[in-house]
Every structure is written in C-alpha cells, then in structure tokens.
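This briefing looks at how one sheet is put together and at how its strands are placed. Please keep the sequence and the model at hand while reading.

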Amino acid sequence: MFVLPQIKKDMEFNKSLHSLVEVLKSIAVSHYHILERKIKNEEKFFSILRDFFAFPYLKQARHPFLLKSDRPLGVIAITSDMGLLGGLNMKVMTMAFEEARMYRSKLIVIGEKGHALARDKKLSFVAFPGVKDEDRFSQAMSLRDFVTEEVLAGKIGSLEVIYPEPVSFLIQKVKKVLLLPFAIPEASEANAANEANVIIESNLSDIIEYLVTLYLGQTFYEILGFSRLAELSARFIHLESSSQKLKDIEKQLRLSYFRVRHEIIDKGMREIFAARAVYANEGK
C-alpha cells in the first residue's frame, strides 16, 4: 500500500527530473540553432568545380578518383557519441551493415556508438572519433586524407557516406551519398567550344587529385555538420518524449496522493465516529 511520505518523495523527485529534462531540451535547441547558423553550403565552390570538370578533355582522364573499379567499396558510417540517440545510430549502422553484406567493402565508422555496434556484429572496421563541434574541420581533413590515401593506394575503389540528415528540426532521415568515383558532368556547348583555348601547364592527374581532394574535404566538413544537427534534433525529440512521460507520471502520482490522502481522512473520520458511538453507549 502507498504511504503519503513515499508518494510525496516520488513527486519531488519526478518534479526535479522534469526540470532537468526541460533544461536539456533548451540546451539542445540552443546548440542546434547556433550550429545551424555556422553551417554554410559552399555552392559557389561546387559550381566552379562542376564547371571545371565539365570540360570535355577530362572525359579521357584516367585517374582513380574518376574511374569505376572492382576494388572494395569504402563505407563511411557516421554515428553519435551523445546519449539518448540509440535509434538513430542503429538506423545508420543497419544501412552500413547492409552495404557491407551486399558488397565487398571496407567499413569506416565515426563515433563510439557505431564502434560498439560494429564490434557486436564482429565486423572489422577503421575507427574514427565522434564528431565534435570545435574539432569538426580537423576531423573532416583527417577523414579526407585517410580515404584519399586508401583510394590512391588501390585499397578501395569507390566511396560512400551514410549519415543522419536533418530534414527539419523535428525530422531526421538516414542518407547515403556516393562520393567516389567523382561524377563528371556532361560538357556544355560553351565548354566544348572553349576547350581549344585552355592551356594546361600542370599535370592533369595532379589537377584532378587536388580538386577532388578539395571537394572531399569540403563535403566531409558539411556532412559532419549536418550529422551534428541531426543528433541535436533527435536528442530534443527524445527529451520531449521523456518530458511527456514524466508529466503522465506526475498526474498518476497526484491521483495516488489524493486518493491515499482521502482514504486516510475517511479512515480517521470513521474511527472518530466509532469512538464517539462507543463513549455514547458507555454513558447510558
């Protein structure tokens, strides 16, 4: 049977926990909007890159960054080190495991949660630390350097990234993007006409390697940022769900409190009337 002191103690604990969850929600929202303002899509850079690779002479270029091969597929899975995101991390790794099962691939996992899930599956993988806002640029460059070395060494032939993308503040989806081989856009008539006027002083292979490396670095930098946004929004949703559950528990505790309190009052009144009846009978 519930006793009032225990119910009151549970109510106080629930209230404190609810206050903590509300603070964590506010922090998640604040971090999301701060990071959202910092992430900029460098469309001008990608536009210039597309224009350069649209020149027809690049169609004849033979470079590992541009050619399809039968070498293993590199799969980068980006997960979070934050708590309360088990469902989102599981979706990312499930897709990565499916890719690893379907293709001969090399798995590259970012984040401790992903490392744990890969170890549970007894899969070999290359581990990278989870994304941190203050280290995002250096992490993107480290990832870029690693995959470019792997491709140039012939250890992987193509590369795809699986990561959580924030469709909106309340919606996330797991996205898969093929980064290599780099897709050369179709040449426009203007580029075809101007090709004769292009003077190439550097080695064409070096130019391709430099530009694609820039492309990978910028793309990784943006993807890591989008992954962090998805983490924060998913965390907020989980905290909001927890907040609603705590409110439901609070209602149940309040009902229990008043029910037990009324039972105690009723019991006390019955005992008083019973005692008065006894004393009245004794006086006769």
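**Sheet layout**

In this predicted model, five strands form an open sheet with mixed pairing, in the order β3-β2-β1-β4-β5. The edges of the sheet are formed by β3 (126-128) and β5 (171-180), each of which pairs on one side only. On average, and with direction ignored, neighbouring strands of this sheet are turned by 25° against each other.

**Pairing of β1 with its neighbours**

- Strands pair through backbone hydrogen bonds, in either a parallel or an antiparallel sense.
- Strand β1 (residues 73-78) runs parallel to β2 (residues 105-110), and the two are joined by six bridges.
- With β4 (residues 158-168), β1 also pairs in the parallel sense, here over five bridges.
- Ile-76 can be followed to both neighbours, since it stands opposite Ile-108 in β2 and has Val-161 as its bridge partner in β4.

**From β4 to the edge strand β5**

- The pairing of β4 with β5 is antiparallel and comprises nine bridges.
- Val-161, the bridge partner of Ile-76, stands opposite Val-177 in β5.

**Burial of β1**

- In a regular strand, side chains alternate between the two faces of the sheet.
- Both faces of β1 are covered, with Leu-73, Val-75 and Ala-77 buried on one side and Gly-74, Ile-76 and Ile-78 buried on the other.
- Because six of the six residues of β1 are buried, this strand is largely enclosed by the rest of the structure.

Technical notes. Residues are numbered from 1 along each chain as its sequence is written. This is a predicted model: local features need pLDDT of at least 70, side-chain atom pairs count only at pLDDT 80 or more; totals for chains, interfaces and linings use all residues. Side-chain values use heavy atoms; hydrogens and water are left out. Buried means under 20% relative accessible area, exposed over 50%, partly exposed in between (1.4 Å probe, protein chains only). Helices (H or I, at least four residues) and strands (E, at least two) are DSSP runs, numbered from the N terminus. Two strands pair if DSSP finds at least two bridges between them. Axes are lines fitted to C-alpha atoms, for helices over the stretch in contact, and angles run from 0 to 180 degrees between N-to-C directions.
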